[in-house]
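The following exercises ask the reader to work from a set of coordinates to a description of a fold. Please examine the sequence and the model before reading the solutions.

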Amino acid sequence: MSDHVRDLASVREATDRLLTAVGTLDNAAVAESSRLPGWTRGHVLAHIARNADALANVLAGRPMYPSAEARDADIERDAPRDLREQLDDLRTSAAGFDRRAEAPADWARTVELRNGVKDSASRIPFRRWGEVDLHHVDLGIGYELEDLPAEFVEREIDFLAERFAGHQDMPSTGLKSDGGRVWTTGGGAGTGPVGVAGPAPELLGWLSGRRDGSGLTVEGGTLPVVPPL
């Protein structure tokens, strides 16, 4: 079971890093393109804020979003805001998530996220940590995968390796970081095994669709195509 108390502290630290970094921008920078196709930095910031609200909903036993259309519409609505409004919303939504997470609760219970995905409530703080820190990288403002806490990088690789385990479009794949950690994933395509190795941030970048895998070494075949998240 995840240590939700520790993870909540990590969420706060990640949020503080994000707010400090975003606070150095200006309105023009917020309107510029992010690293996510079709999204400005304003879109990314709006998504981070609305995700805080959504995960608070999950912890409260409510639907994460009213609908996929409503989720997308809210992001489009909030993306063009100026820097001050974005910062205010990031702070307010983060505080709302924190209050909900601090309320007495059964952290061993199962909760439902988008698209019928279910998970332990104890993993919601870690999911939020990922939203804040990975999307901080997506802003393209100087915070890179190599700057992520090492603990987060390894745990997110754990999470993604588990997510893609048995996926019908991915061969059996062994992962190994330069630090000696190993993972297995894929296996549903009936091919492999393929070995993929390299620095943990490069592995995470490839698994999360943020890098093309050119910084990795591959044995036993070609670099597998990672399924979309």
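Three exercises with worked solutions follow; the model is a predicted one.

**Exercise 1.** Determine how many helices and strands the protein chain has, and in what order they run.

*Solution.* Step one is the count: the protein chain has eight helices and six strands. Step two is the order, which from the N terminus reads α-α-α-α-α-β-β-α-α-β-β-β-α-β.

**Exercise 2.** Assess whether the radius of gyration of the protein chain agrees or disagrees with that of a compact globule.

*Solution.* Begin with the expectation: for 229 residues, a compact globule would have a radius of gyration near 17 Å. The protein chain has 18 Å, and therefore agrees with that expectation. Next, consider the extent along the principal axes, where the C-alpha atoms fill a box of roughly 50 × 45 × 35 Å. Then turn to the contacts: of those with a separation of 6 or more, 55% are accounted for by residues 24 or more positions apart. Finally, buried residues, those under 20% relative accessible area, make up 48% of the 229 residues.

**Exercise 3.** Describe helix α3 from its start to what follows it, including its span and its burial.

*Solution.* At the start of α3, a side-chain oxygen of Thr 40 comes to within 3.1 Å of the backbone nitrogen of Gly 42. The helix itself covers residues 41-59, which is 19 residues. From first C-alpha to last, α3 reaches 27 Å, close to the 27 Å expected at 1.5 Å a residue. As to burial, 18 of the 19 residues of α3 are buried, and the helix is thus mostly covered. After α3 comes Gly 61, with a positive phi near 85°.

Definitions and conventions:
Residues numbered from 1 in each chain as written. Predicted model: local features only at pLDDT ≥ 70, side-chain atom pairs only at ≥ 80, totals over all residues. Heavy atoms only, no water. Helix = DSSP H or I, 4+ residues; strand = E, 2+ residues; numbered from the N terminus. Expected span 1.5 Å × (residues − 1). Buried < 20%, exposed > 50% of the residue type's maximum accessible area, 1.4 Å probe, protein only. Polar contact = N/O pair within 3.5 Å; in protein donor to acceptor, adjacent residues only side chain to side chain. Rg over C-alpha atoms; globule rule 2.2 N^0.38 Å. Contact = heavy atoms within 4.5 Å.
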